[in-house]
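This briefing sets out selected features of one protein model, grouped by topic. The sheets are taken up ahead of individual residues and aromatic contacts.

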Amino acid sequence: MKIICLIENTAADEKLFFEEGLSLFVEFNDRNYIIDTGLTGKAVDNARRMRLPIDEVDSVIITHNHAAHIGGIDSIMRLNPKAEIFLRAGAQNEVFKKNGLFKSPVGAGKGFFKKYSDNLVLFNSFSEVCEGFYLASCEDFDDKNINPDRSYCVTSGKKAVPHNFDDESFAVIFPKKRKAEGLVLVGGCFHCGALNMLETVQRRWHGIPILAVIGGFHFSGANPKTLNCSAEYVTAQARALKYSGAEKIYACHCTGFKGFDTMDEILGDRIMYLGGGEALEF
C-alpha cells in the first residue's frame with residue numbers, strides 16, 4: 001500500500017501547490033482511492049504534476065464536511081464521474097463556524113448532496129470501502145478528549161449549539177494480507193480527539209498493532225505558529241499516541257508548527273511531518 005500526500009498546508013517540492021487543506025492518494029490492492037479532496041482543485045493539479053492516475057479513482061472518502069477536506073470534490077468527480085463518495089450521514093447537517101456574532105458555513109451544502117446523490121454512500125458509524133479498507137467513527141468516547149475548539153456549531157431551533165462532529169470519520173486500512181500484521185489509521189482533523197479514535201480502534205480491532213497514524217490533529221487555526229487549544233490538551237493527545245504503541249505518527253495540515261513541536265518533545269523519532277508530495281509505503 002502506498003499513501004501519497006497530494007496537498008496540505010506545505011509542499012515538499014517547490015513545483016507543487018500547497019493550501020490550507022488536505023488530500024491523500026491511496027494505492028491499495030491495485031485500486032486507487034482519494035481520502036479528502038483539499039480546499040480547491042489544486043490537489044488534482046499536483047497529482048498530474050506527480051504523474052499519478054488521478055482519473056482512475058474508484059472511491060473518494062471524505063473524513064468530514066469541512067471546506068478544507070471537501071472543497072476539491074468537483075475537480076475529482078469531473079475526472080471520475082462514477083466514483084463512489086463515502087461520508088457519514090451526519091454530514092448532511094449544516095455546520096457553521098462562529099466568529100463573534102457572525103457565523104459562516106464551513107462545508108458543502110444541500111447542493112452537493114443533490115448533485116452527487118447517485119454517487120453517495122452515506123453511513124452512520126461504520127462502513128467497508130473494500131476488503132481491508134474500513135471507515136469508522138468514535139463509538140463511545142470521553143467528551144474531555146474532544147478538541148476544545150468550540151467555534152463550530154449547528155443550528156438547533158433558533159440557537160447555535162456546539163457541533164458534536166457527527167460527520168467525522170477516519171479510515172482504518174490493513175496493508176498486509178494478514179490483518180494481524182497491523183493497521184494504519186488515517187484521519188482528517190481528529191476533531192473528536194486522537195485518544196477517542198485510538199480507543200475505538202483498539203476496541204474494534206483489539207490486539208492488532210498500529211503501524212501508523214496519519215492526519216491533521218487540529219491543534220492550530222489559521223496561524224500554524226499558535227495553538228487553538230491548550231498545551232495540556234496537545235500533550236494528552238501526544239501521550240495517547242505514544243502509549244497506543246503506534247510505530248509512526250505522520251502529522252500534517254491543521255497540526256500546526258507549535259502543535260507539532262509539542263508532539264515531537266513527547267514522541268521523538270516516532271513522529272514525522274508529512275508534506276505535500278511525500279509518499280509513505282507499508
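Strand 14 pairs with strand 15 (residues 210–215) in the parallel sense, over four bridges. The model in which this pairing is found is a predicted one. The points below begin with the sheet that holds these two strands, then turn to a second sheet, two loop residues and the aromatic side chains.

**The seven-stranded sheet**

- Strands 14 and 15 belong to an open sheet of seven strands, with the order 9-10-13-14-15-16-17 and mixed pairing.
- The edges of this sheet are strand 9 (126–130) and strand 17 (271–273), each of which pairs on one side only.
- From one strand to the next, the twist averages 20°.
- Helix 7 (residues 257–267) packs on this sheet, where it touches strand 16 (248–251) and strand 17. The direction of helix 7 makes about 150° with that of strand 17.
- Within the sheet, valine 184 stands opposite alanine 212, a residue of strand 15.

**The four-stranded sheet**

- Another open sheet consists of four strands in the order 7-6-11-12, and its pairing is antiparallel.
- Strand 7 (102–105) and strand 12 are the edge strands, each pairing on one side only.
- The twist in this sheet averages 45° from one strand to the next.
- Strands 11 and 12 run antiparallel and are joined by four bridges.
- Cysteine 153 stands opposite proline 162, which is in strand 12.

**Aspartate 149**

- Aspartate 149 is placed in the loop between strand 10 (133–136) and strand 11 (152–156).
- Aspartate 149 counts as buried because its relative accessibility is 12%, below the 20% cut-off.
- The side chain of aspartate 149 makes a polar contact of 2.8 Å with that of serine 151, and another of 2.9 Å with that of histidine 218.
- Leaving aside residues up to four places away in sequence, aspartate 149 touches Lys97, His218 and Asn228. His218 is thus both a residue touched by aspartate 149 and a partner in a side-chain polar contact.

**Serine 169**

- Serine 169 lies in the loop that runs between strand 12 (159–162) and strand 13 (170–173).
- With a relative accessibility of 1%, serine 169 counts as buried.
- Apart from residues up to four places away in sequence, serine 169 touches Ile62, Thr63, Arg88, Phe123 and Ala136.

**Aromatic pairs and charged neighbours**

- The model contains 14 aromatic pairs.
- One of these joins phenylalanine 112 and phenylalanine 113 in an edge-to-face arrangement, at 4.9 Å centre to centre and with 85° between the planes. Both of these phenylalanines are buried.
- Tyrosine 134 and phenylalanine 174 also form an edge-to-face pair, at 6.1 Å centre to centre and with 80° between the planes.
- This second pair links distant parts of the chain, 40 residues apart: tyrosine 134 is in strand 10, while phenylalanine 174 is in the loop between strand 13 and strand 14 (183–186).
- Tyrosine 134 and phenylalanine 174 are both buried.
- One aromatic cluster is formed by Phe126, Tyr134, Phe174 and Trp205.
- Two members of that cluster have a charged group over the ring. The charged end of lysine 179 sits over the ring of phenylalanine 174, at 5.5 Å from its centre, and the charged end of arginine 204 sits over the ring of tryptophan 205, at 5.9 Å from its centre.

Notes: Residues are numbered from 1 along each chain as its sequence is written. This is a predicted model: local features need pLDDT of at least 70, side-chain atom pairs count only at pLDDT 80 or more; totals for chains, interfaces and linings use all residues. Side-chain values use heavy atoms; hydrogens and water are left out. Buried means under 20% relative accessible area, exposed over 50%, partly exposed in between (1.4 Å probe, protein chains only). A polar contact is a pair of N or O atoms within 3.5 Å; within protein, one must be able to donate a hydrogen and the other to accept it, and residues adjacent in sequence count only if both atoms are side-chain atoms. Contact means heavy atoms within 4.5 Å. Rings of Phe, Tyr and Trp (its six-membered ring) pair if their centres lie within 6.5 Å; planes under 30 degrees apart count as stacked, over 60 as edge-to-face and the rest as tilted. A charge sits over a ring if NZ of Lys or CZ of Arg is within 6 Å of the ring centre and within 35 degrees of the ring normal. Two strands pair if DSSP finds at least two bridges between them. Axes are lines fitted to C-alpha atoms, for helices over the stretch in contact, and angles run from 0 to 180 degrees between N-to-C directions.
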